[in-house]
Amino acid sequence: MLSGIVKCGYCGAPLVARLGTRRKDGSRTIRYECYNRYPQKSKRVTTYNDDKKCKSGFYYLLDLEEHVLDRLNKLHTNPEEVLSQTSEKDVQFDKELKSREIKQIQSKIEKLNNLYLIDNISLEDLQSKTQELISRKNELLRELEVDSDVSNRKKRLEEVLNFEDIYSIDYEHQKFIVNSLIDRVKVHADAIEILWNI
Ligand SMILES: [Zn+2]
């Protein structure tokens, strides 16, 4: 349910699932621990935080899943609260990035036009490159429109949260909800921070 989105709250590396000790009935617990908890001697292909040893401990997968489901249950009962927290700041930041990209695209188009005027590129090049830029710009404009409308976020949320009770739906459905609404789960020994994607 949490693979890919669960990260170490201390160093930011992903948490990886490992089999824990065997129980009396023969089943084994699954624990999550920081990718950097036991740094390898040989250099790994993917590194996080310069492969520095992380002192974070381990967490039982079931505990983490339970916590996330509990938070989703709260979101389900009271979406307004979470919506108001999902910081307007993040939305604002994202909007600024998009507006900036739109400006950059605009100036690229102008440059291309100038290049064409001084015979530095062909008309075909001008057209195909401009077309590409324009469609990216339109895409950004559409996204901006959606972002700026809080009611759209609410509507999307309602669509995803269209079930009776998070505990009564099957695991695959729960997983889908988690992946639709949660960007990251940052795990500390004493706190679990959820970054919503709403
Ligand atoms: Zn770590």
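## A tour of the predicted chain

The chain holds six helices and six strands, and because this is a predicted model, every stop below concerns computed geometry.

**Whole chain.** Begin with the entire chain in a cartoon view and follow the sequence, along which the elements come in the pattern β-β-β-β-α-α-α-α-α-α-β-β. The radius of gyration is 23 Å, well over the 16 Å that the globule rule gives for 198 residues, so the chain is more spread out than a compact globule. If you align the view with the principal axes, the C-alpha trace spans about 80 × 50 × 25 Å. Of the contacts with a separation of 6 or more, 56% are accounted for by residues 24 or more positions apart.

**Surface and charges.** Switch next to a surface representation, where the accessible area comes to about 13100 Å², with 50% of it belonging to carbon and sulfur atoms. Of the 198 residues, 32% count as buried. Colouring by charge brings up 34 positive and 34 negative charges, whose mean positions are 9 Å apart.

**Residues 95-143.** Select this span, which UniProt lists in an unreviewed entry as "coiled-coil region". In the model the span is 90% helix and 0% strand, and its end C-alpha atoms lie 9 Å apart.

**D119.** Staying in this part of the chain, select D119, which lies in the loop between helix 3 (88-117) and helix 4 (123-147). Is D119 buried or exposed? With a relative accessible area of 68%, D119 is exposed, because the cut-off for that class is over 50%. Its phi is near 65°, a positive value in a residue other than glycine, and a backbone plot is worth a glance here, since most residues other than glycine have a negative phi.

**N36.** Move now to the loop between strand 3 (28-34) and strand 4 (58-60), where N36 has its place. N36 counts as buried, at 0% relative accessibility. Which residues are in contact with N36, leaving aside its neighbours within four places in sequence? Show the side chains of C11, A13, R44, Y48, N49, D51, K52, K53 and C54, which are the residues in contact with N36 on that basis.

**D51.** End with D51, one of the contacts of N36, which lies in the loop between strand 3 and strand 4. D51 has a phi near 65°, again a positive value in a residue other than glycine. D51 is buried, with a relative accessible area of 14%, whereas D119 is exposed, at 68%.

Conventions:
Residues are numbered from 1 along each chain as its sequence is written. This is a predicted model: local features need pLDDT of at least 70, side-chain atom pairs count only at pLDDT 80 or more; totals for chains, interfaces and linings use all residues. Side-chain values use heavy atoms; hydrogens and water are left out. Helices (H or I, at least four residues) and strands (E, at least two) are DSSP runs, numbered from the N terminus. The radius of gyration is taken over C-alpha atoms; the globule rule is 2.2 Å times the number of residues to the power 0.38. Buried means under 20% relative accessible area, exposed over 50%, partly exposed in between (1.4 Å probe, protein chains only). Contact means heavy atoms within 4.5 Å. Accessible areas come from the Shrake-Rupley method with a 1.4 Å probe; for residues, only the protein chains shown count as cover. Lys and Arg count as positive and Asp and Glu as negative; His and the chain ends are not counted. The place of a charge is taken as NZ of Lys, CZ of Arg, CG of Asp or CD of Glu. UniProt positions are given in the numbering used here, feature names are shortened, and annotations may be inferred rather than shown by experiment.
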